[in-house]
Amino acid sequence: MPSEGESSEAAAAVTAVVVVVGAVGGCGASTLAAAMAVRAAPSHRTLLVETDPHGTGVDLLLGTEDHSGLRVEDVRADLGGPDPDALWGAAPEVLPGLRVL
């Protein structure tokens with residue numbers, strides 16, 4: 001919610017990036033990241049991205065592997081990356097406000 005005197009556009013522009021990195025496979029980093037994303041989704045537009053090339057994928061962890069949409073293998077960030085709104089619209093939705101890539 002915008003604070004007094006703050007426009008909704010300014011509030012929407014506020015962005016946080018949270019990175020969860022596991023030291024070794026199987027330490028629970030994907031599970032922690034998924035739990036944090038599920039918790040954040042009701043109040044913030046949340047995109048959960050699995051970047052571990054050996055990971056099973058957060059879509060599998062969250063049970064959305066059969067949902068249509070973009071996957072991280074489909075996206076290549078050239079010259080600053082893709083359009084955030086287009087990326088958001090193309091990523092599979094897990095819950096309202098939560099999409100995975």
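Which residues make up the largest nonpolar core? Keep that question in mind while you load the structure, which is a predicted model, and begin with the chain as a whole.

**The whole chain**

Show the chain as a cartoon and follow the elements from the N terminus, where they run α-α-β-α-α-β-β, so that by the end you have passed four helices and three strands. Of the 101 residues in the chain, 22% are buried. If you switch to a surface view, the accessible surface comes to about 7,300 Å², and 56% of this area belongs to carbon and sulfur atoms. Among the contacts between residues at least 6 apart in sequence, 51% join residues that are at least 24 apart.

**The largest nonpolar core**

Now select Ala33, Ala34, Ala37, Ala41, Leu48, Val58, Leu98 and Val100, for these eight residues make up the largest nonpolar core. Helix H2 and strand E3 (98-100) each supply at least two residues of this core, and H2 gives the most, with three residues. In soluble globular proteins, nonpolar side chains tend to be buried together.

Stay with one member of the core and select Leu98, leaving aside its neighbours within four places in sequence, and you will find Leu98 in contact with Ala37, Val38, Ala41, Thr46, Leu48, Trp88, Pro92 and Glu93. Two of the names in that list, Thr46 and Trp88, are the next stops.

**Thr46 and Trp88**

Select Thr46, which has its place in strand E1. Is Thr46 buried or exposed? Its relative accessible area is 12%, and because buried means under 20%, Thr46 counts as buried. Look at the side chain of Thr46, which reaches the backbone oxygen of His44 at 2.7 Å. Setting aside residues within four places in sequence, Thr46 is also in contact with Ala37, Ala40, Ala41, Trp88, Gly97, Leu98 and Arg99.

Move next to Trp88, which is placed in helix H4 and is buried as well, with a relative accessible area of 14%. When residues up to four places away in sequence are not counted, Trp88 touches Arg45, Thr46, Leu47, Gly97, Leu98 and Arg99. If your viewer can draw distances, join the C-alpha atoms of Trp88 and Leu101, which are 9.2 Å apart in space and 13 residues apart in sequence.

**Two salt bridges**

How many salt bridges does the structure hold? There are two, and each can be shown by selecting a pair of side chains. Side chains of opposite charge can pair when their charged atoms come close.

For one of them, select Asp85 and Arg45, whose closest N and O atoms are 3.2 Å apart. This pair links distant parts of the chain, with Asp85 in helix H4 (residues 84-90) and Arg45 in the loop between H2 and strand E1 (46-48), 40 residues apart.

For the other, select Arg71 and Asp59, where the closest N and O atoms are 2.9 Å apart. Arg71 lies in the loop between helix H3 (58-61) and H4, while Asp59 is in helix H3, so this salt bridge ties together parts that are twelve residues apart in sequence. Both partners count as buried, Arg71 at 14% relative accessibility and Asp59 at 13%.

With this pair still on display, add Thr64, which lies in the loop between H3 and H4 and counts as buried at 3% relative accessibility. Apart from its neighbours within four places in sequence, Thr64 is in contact with Asp59, Arg71, Glu93, Val94 and Val100, and this list includes both members of the salt bridge between Arg71 and Asp59.

**Out to the surface**

Select Gly55 in the loop between E1 and H3, a residue that is partly exposed, with a relative accessible area of 32%. Gly55 and Gly26 are 29 residues apart in sequence, yet their C-alpha atoms are 9.4 Å apart in space.

For the last stop, return to the surface view and colour Val17, Val19 and Val21, which make a nonpolar surface patch of about 360 Å². Within this patch, pick out Val21, which lies in the loop between helix H1 (8-13) and helix H2 (29-40) and is exposed, with a relative accessible area of 70%.

Note on methods
Residues are numbered from 1 along each chain as its sequence is written. This is a predicted model: local features need pLDDT of at least 70, side-chain atom pairs count only at pLDDT 80 or more; totals for chains, interfaces and linings use all residues. Side-chain values use heavy atoms; hydrogens and water are left out. Patches are made of residues with over 30% relative accessible area and no salt bridge: like charges are joined within 9 Å, nonpolar side chains (Val, Leu, Ile, Met, Phe, Trp, Tyr) within 5 Å. Accessible areas come from the Shrake-Rupley method with a 1.4 Å probe; for residues, only the protein chains shown count as cover. A salt bridge is a side-chain nitrogen of Lys or Arg within 4 Å of a carboxyl oxygen of Asp or Glu. Buried means under 20% relative accessible area, exposed over 50%, partly exposed in between (1.4 Å probe, protein chains only). A nonpolar core is a set of buried Ala, Val, Leu, Ile, Met, Phe, Trp, Tyr and Cys residues joined through side-chain atoms within 4.5 Å. Contact means heavy atoms within 4.5 Å. A polar contact is a pair of N or O atoms within 3.5 Å; within protein, one must be able to donate a hydrogen and the other to accept it, and residues adjacent in sequence count only if both atoms are side-chain atoms.
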